[in-house]
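Colleague: Could you walk me through the reasoning behind a few labels in this model? I'd like to see each value set against its cut-off.

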Amino acid sequence: MRLAHPTAPVLAVVLGATSLVAAQRPVFRSAIDSVTVDVSVRHDNRPVADLTAADFEVRDSGVVQTIDDVSREALPIDVTLVVDLSGSVEGPLFASLQRGMAAVNARLAPGDRARVVTFNEHVREVQRLEPAGGARGLDLAQPNGTTSMIDALTVSLITPLDPDRRHLAILFSDGRDMMSFLDEASLVDVAKRVGQTVFAVAVADGTRAHPSPAGAETFLRTLTETTGGALAVMQRDDDLAASFVRAFDDFRTSYVLRYTATGVAREGWHALAVKVSRRGDYDVRARAGYFGQ
Amino acid sequence: MARLSTATLLFAALLTAAPVGAADDPPSIDQLYLAFIKGDTGIVARSLVTPDDFARVRADLFKAVGLRQGDWRPTHEAFLFEVAMTGLARHWPDARMLLDASRRLMVGRRDAIGTRPEMDRFEITFHEAAVALLAGAAGAGAAQGYLDAITTRLPPLPGDAPATTPRLDAPRLLLMRAVVQEMTTMPFARAAVARDPAPYLWMAAPRDRELRQALERAIVLFDATAAAPATADEARVRTACVLVRLGRVPEAIARLDRVSIGAEPAVRYWAALVRGRALDAQGDSAGAIAAYEQAAALQPQAQTPAAALAALCLRTGDRDRALHWAEVARATPESAIDPWWQYFTGDFRLLAGFVQDLREARP
């Protein structure tokens, strides 16, 4: 069983948190130290749908917490697609990428929204948050240039988060960062602070018959697991659409747990551990922790 | 190699600077040359577009290069450079061979170094243009190869044999030798040679011993070029950048403190960015934010300082400013060129000026 983790806390009232965090979960804005956690639970690689609060154990900084509420598929989703359009993506891979983006767009439910950020050495928000259907007609520039993956994901994650929604980022890249000014540690720090779940689809140079590892695979695995997301390593002839859809569906079907943090210091890093106490072999994934204010 | 999308923009500007209009009949190489020296500098870019265009003139072109040995003129060199540059921009496989042939013609000129200062100046400009072109369009290895081929015409650097013949007074080319050494350590350049099995990030300290040695060598070369006023500022900034990568932050800041306020705008911008990085590494977040804000003020359309400020402001708890700077970074216009990207391509940013000087050469 993998330990996992929560989305960001809401400490608005006492701490006067500013927009980024305060906006994350205003559903609970009247509570002090109310924490929400997205938790993916799978058994035999399928989502588990019938869990209740009694089936979860959440530890905040090692202290067991009382879960106030569990919901599933109740809140709309804001998904940000952060897409590598460097020269290495040209050709069939580009067509596959476009199919993947269209597939995510097709999965959006009424109320969900999608945003698109592209990057080579230049990061561009080519589509602001729009309801379902917006990305379908998006005319992407042809792949060109080199790669600033870390800079791009950094500025993509630091956005105002609507408190009444869930937040997902799906990164697509070949993972070979040539130009970023920021580094891996900086991006992981950002990811810990913003409360978005990050999935990554990393494309390697190999084929299905002769697979090879993706560039920066270790880093991307660390990054995604820190946020409660996951990394999918694809070969260049794999179906990207399936990976995009899997990431989106995994997030959609995950649980949202809420608890009021007790018995822990308010400030600093809160390590989180989430378990399913029901008997069985479950793959549990959530954020590694959050920063209290 | 992976070419910066901004390199494509620069080429586009260079190759369309001349009057627009397609040639009616495919001109011969002599016709192209005559039009070129009469001032139609855009004739090459207009006439040599497709692989077939280059194939059509190739034989006559290289034949002409051979014939020019006894009839060398600056305009020949300027024209050949124009063809080679156009060829590199349009992926003509023989472009570098033509540039090499032009270099051999250039260094084979009859006037010895020191006898005709105007010819020395022309040769320096030609080499500067060639190195800038190769650094931006063909990578560090190509630029290194060119510089190696003209070593005996440049003042010696540490590690070179002592000079026994007259040398060109060319501080910019000496700086480029150091820059190219630095470029060989960049992920951007390494990936051009081969897929690096252990990719690393540009500003991260390289763990590989060979890479660290290459960076140490770059410091020696930069320090040797920092004495020339024309190149001192860039040498100091680039040395500081290498020192930050090696974790020698106080030495880096000492170099940055000596960068003059009159430095080239791109160099001042780089200095502010590298200072931000150095101060952040020292734990001086307020100082780093001030440095990044200075960089952002110097280049308001650049996204790099905005991204750095977004991450740093978030880390220091200033979420409103973090959101602001992230929005600034995401909203930079498509046409904006961040001079930080040009750091990776040596003197490529100066190519247009070099080319203009060559185009103004008279027979």
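Modeller: Happy to; here are some questions and answers on chains A and B.

Modeller: This is a predicted model, where local features need pLDDT of at least 70, side-chain atom pairs count only at pLDDT 80 or more, and totals for chains, interfaces and linings use all residues. Residues are numbered from 1 along each chain as its sequence is written, and chains are lettered from A and ligands numbered from 1 in the order in which they are written.

Colleague: Why does Val57(B) count as buried?

Modeller: A residue is buried if 20 or more other C-beta atoms, placed from the backbone, lie within 10 Å of its own. Val57(B) has 21 such neighbours, so Val57(B) is buried. Val57(B) belongs to helix 4 (residues 51-67) of chain B, helices being DSSP runs of H or I with at least four residues, numbered from the N terminus.

Colleague: How do you know that the span of helix 11 of chain B agrees with what it should be?

Modeller: The expected span is 1.5 Å times one less than the number of residues. For the 17 residues of helix 11 (residues 209-225) that gives 24 Å, and the end C-alpha atoms lie 25 Å apart, so the two agree.

Colleague: Which residues of helix 11 of chain B are buried, and what do they pack against?

Modeller: Among them are Leu215(B), Ile219(B) and Phe222(B). The buried residues pack against helix 9 (171-183) and helix 12 (232-245) of chain B, a contact being two C-beta atoms, placed from the backbone, within 7 Å.

Colleague: How many residues does each chain give to the contact between A and B?

Modeller: Chain B gives 33 residues and chain A gives 39.

Terms used
Helix = DSSP H or I, 4+ residues; strand = E, 2+ residues; numbered from the N terminus. Buried ≥ 20, exposed ≤ 12 C-beta atoms within 10 Å, placed from the backbone.
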